[in-house]
Amino acid sequence: MTEPTHRVENVATDSHVGVQAGTVHNLTVYERDPWDSPETTFRKGVSFLKGRMPGPARRMINDAKVGYATNEVYFYWLLAMVSRRTRHELTKDEAAQLRDRHALMRLRGEDPWRDGVRIIDRLLESAGKAEEDIRVVVKDLDALREPQRSLILEHLELYLDGPIEDHLWHRALSKAKTDQMAGGRENRIWKFFHPAPAAPLCRKPRPPETSLGCWARAVAATVVLLMATGHLGYLILQSGRALLMAAYVLGLAGASVGARETAHWRHRVERRRAKDREYRRGRSEAERGVVGRRIKEQPRHKTKAERGSFARRAEHRINHYFAKYVPRGMDRDDWLAETEGMRRSLRDELTEVYGETRVGVEKIAWLIRHRASEAATRQRKGMLWSYRRELAAPLGTKARAILGLLTLAGAGGWAAVGTVPVGPLPAIGTILLLLISGWICSRTWLHIVLEQRRYAADQAESLSAYQGDLEALARWRARLKDKPDDEEVATWLDCDRKVLLEEALRHYKLTMSGVIAHAFIEAPAPGSERARLRGGPWRYKNYQLLVFLVTQEGVRQLTVTLDFLKGTFHDRQRLNYRFEAVASVRVKQSDDGGRDFQLALMNGNEISVEVNSGMEELQQGERPGAVSEVSLDAAGLPHTLHVLEAIAAEGKKWVDQRELRTGNLSAALNDPE
């Protein structure tokens with residue numbers, strides 16, 4: 001076998017670049033309290049074991065069985081002792097406990113858990129047994145009830161060897177293929193990575209911009225106007241002319257109607273202009289096309305600049321969902337160009353409402369999605385710009401406003417001029433006061449009325465949007481109701497591992513018993529979104545999976561990218577190297593707690609993969625380093641290091657002596673003497 005002639009680059013491409021901020025679900029399944037009862041400690045240990053974290057599971061179940069000893073506890077204790085490791089990875093104390101397991105376990109009564117303990121015990125003693133005896137054990141295993149049977153198949157994968165290994169492997173593989181997409185995985189798994197949606201907030205409209213000075217001018221001008229109007233009426237009464245009195249009354253009526261209808265008309269015009277300014281696009285058609293293509297082609301992961309600003313993160317999400325929800329029959333670039341102002345307005349709204357809160361953009365992604373979908377729906381119905389039609393002033397309003405103002409100017413003007421012969425100086429003075437106070441009064445009161453109406457309209461609009469958001473939140477929460485728990489996610493990931501292992505065995509034409517050892521590393525793919533439970537390991541939407549098969553001739557390595565949401569493998573890379581080609585194996589820890597697995601070959605090539613990013617994002621009460629520990633345990637790093645470090649230290653000698661050591665160790669574990 002020859003060494004690889006090409007250089008193996010970092011599988012993670014850039015160890016600490018592009019890792020998404022993660023979602024942490026506020027569940028306490030993995031949180032241990034020193035005041036927990038032995039039973040509670042045991043249940044949490046079982047949760048760790050089912051989450052494929054045997055390290056903490058062993059410690060917790062071992063502690064719990066001192067004060068809480070049942071057949072179920074002994075069953076899970078045996079599983080935890082052997083889960084995801086070989087006999088060679090047992091400490092002296094653990095090996096002694098397994099050897100003396102019959103004396104340590106006080107089984108009581110008959111139940112499925114005791115049946116499971118018996119099967120595990122017989123499987124542990126199966127090394128060196130004849131094929132006929134092995135078939136009897138396997139037959140009894142097949143007859144075992146659930147969940148005991150499935151748990152045994154899941155957790156004894158590495159511990160058993162020899163002929164029994166192939167029997168259990170075929171059953172475990174068959175179960176993995178059945179369970180890989182079970183439980184509606186493709187329709188539910190994405191929900192695990194979605195944070196609990198934050199409740200919407202009602203946008204507070206901008207208060208009316210009416211200062212005390214404005215009110216003072218309005219009141220003063222109104223008082224002067226009323227006095228001048230009254231004096232004008234007095235002068236008309238003195239003239240004794242009935243026509244002037246009729247014109248005076250008609251002018252007052254025209255002023256009332258004209259002022260009211262003009263304010264209504266002006267409010268609609270101003271609001272429509274404000275909406276137009278808010279939604280204006282402000283770019284040429286060519287520029288908007290470039291913007292649309294840029295949004296469509298932009299990467300899904302966040303850049304450093306985007307992480308530094310709530311507005312930028314919100315804009316990234318808004319652009320993503322508007323590019324996703326495109327009205328049927330419409331070009332995406334045209335849609336993005338048409339909604340440029342709408343997207344900018346939504347960004348400003350979210351920044352105003354949520355920017356100073358602790359609510360992250362991810363928690364209101366449902367809201368952005370709802371607004372984008374709503375915009376697309378309105379476009380399909382021809383209602384995207386319906387505000388222009390709704391805010392257009394009715395012809396009746398315009399007609400009444402014009403007629404009223406013309407009546408004021410005609411009849412009122414004629415009545416005012418008619419008073420001049422009665423008393424020229426008083427009449428002229430009164431007319432000047434009417435014009436000046438009327439001008440000031442109309443401007444100030446129009447501003448006040450428009451601001452009040454604008455505020456009321458903003459309030460109504462905000463309340464309507466808020467009610468729609470609440471309804472969307474209820475629908476979204478109902479959709480997230482069947483979110484999978486961490487145990488289901490871990491089970492799906494374990495099934496993916498087994499299916500990948502079977503692919504590697506088939507490609508290299510190997511059997512499970514023909515492989516001296518195998519190991520996995522589960523690492524996050526660059527830029528992958530992630531989520532976890534409090535105290536639990538990070539789970540990723542996309543993984544880099546490395547499987548190592550140790551054979552008599554050397555190491556077979558298969559690296560793939562796993563699309564965890566779909567359960568599919570991509571970008572396969574295969575690499576073969578002799579034992580003598582392995583120079584060193586180590587885990588490099590950075591200052592921020594990140595862990596890189598590094599395998600150096602004698603020819604200078606290095607295989608490096610980021611196993612843990614170091615971004616723990618601890619929640620209140622979590623111990624620093626705890627998340628990294630369980631994440632590394634769930635990634636299978638302890639067992640992988642055990643295998644590859646042994647190869648790096650001893651080379652082919654380790655392989656030659658392993659069979660002898662395994663036989664001696666099996667005998668020691670199963671021999672009470």
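Q: Over how many bridges do strand β9 and β10 pair in the antiparallel sense?
A: Happy to start here: helices (H or I, at least four residues) and strands (E, at least two) are DSSP runs, numbered from the N terminus. Two strands pair if DSSP finds at least two bridges between them. Strand β9 covers residues 595-601, and its antiparallel pairing with β10 runs over 6 bridges.

Q: Which residue in β10 is the bridge partner of Gln-598?
A: This is a predicted model, in which local features need pLDDT of at least 70, side-chain atom pairs count only at pLDDT 80 or more, and totals for chains, interfaces and linings use all residues. Residues are numbered from 1 along each chain as its sequence is written, and side-chain values use heavy atoms, with hydrogens and water left out. With that numbering, the bridge partner of Gln-598 in β10 is Ser-608.

Q: Which strands are the edge strands of the sheet in the order β8-β9-β10?
A: This open sheet has 3 strands with antiparallel pairing. Each edge strand pairs on one side only; these are β8 (582-589) and β10 (606-612).

Q: What angle does the direction of helix α24 make with that of β8?
A: Axes are lines fitted to C-alpha atoms, for helices over the stretch in contact, and angles run from 0 to 180 degrees between N-to-C directions. A contact means heavy atoms within 4.5 Å. Helix α24 (residues 637-650) packs on the sheet and touches β8, β9 and β10; its direction and that of β8 make about 145°.

Q: Why is one side of β1 and of β4 left without a neighbour in the sheet?
A: Here 3 strands form an open sheet with mixed pairing, in the order β1-β3-β4. Both β1 (23-25) and β4 (539-540) stand at the edges, so one side of each lacks a neighbour because each has a single partner strand.

Q: Which residue in β4 does Arg-530 stand opposite?
A: Strand β3 (residues 530-533) and β4 run antiparallel and are joined by 2 bridges. Across from Arg-530 in β4 stands Tyr-540.

Q: Is Ser-631 buried or exposed, and what is its relative accessible area?
A: Ser-631 is found in helix α23 (residues 626-634). Not counting residues up to four places away in sequence, Ser-631 touches Pro-537, Trp-538 and Asn-612. Buried means under 20% relative accessible area, exposed over 50%, and partly exposed in between (1.4 Å probe, protein chains only). Ser-631 is therefore buried, with a relative accessible area of 10%.

Q: How many of the 15 residues of α17 are buried?
A: Among the buried residues of α17 are Met-342, Leu-346, Leu-350 and Tyr-354. The helix is largely enclosed by the rest of the structure, because the buried count is 11 of the 15.

Q: How far apart are the end C-alpha atoms of helix α18?
A: The expected span of a helix is 1.5 Å times one less than its number of residues. For the 16 residues of α18 (residues 365-380) that gives 22 Å, which agrees with end C-alpha atoms that are 23 Å apart.

Q: What covers the buried residues of α18?
A: Those buried residues include Trp-366, Leu-367, Ile-368 and His-370. Their cover includes α15 (310-324), α16 (332-338), α17 and α21 (424-479).

Q: What percentage of the 673 residues in the chain do buried residues make up?
A: Stepping back, the chain has 25 helices and 10 strands. Among its contacts between residues at least 6 apart in sequence, 73% join residues at least 24 apart. Of the 673 residues, the buried share is 50%.
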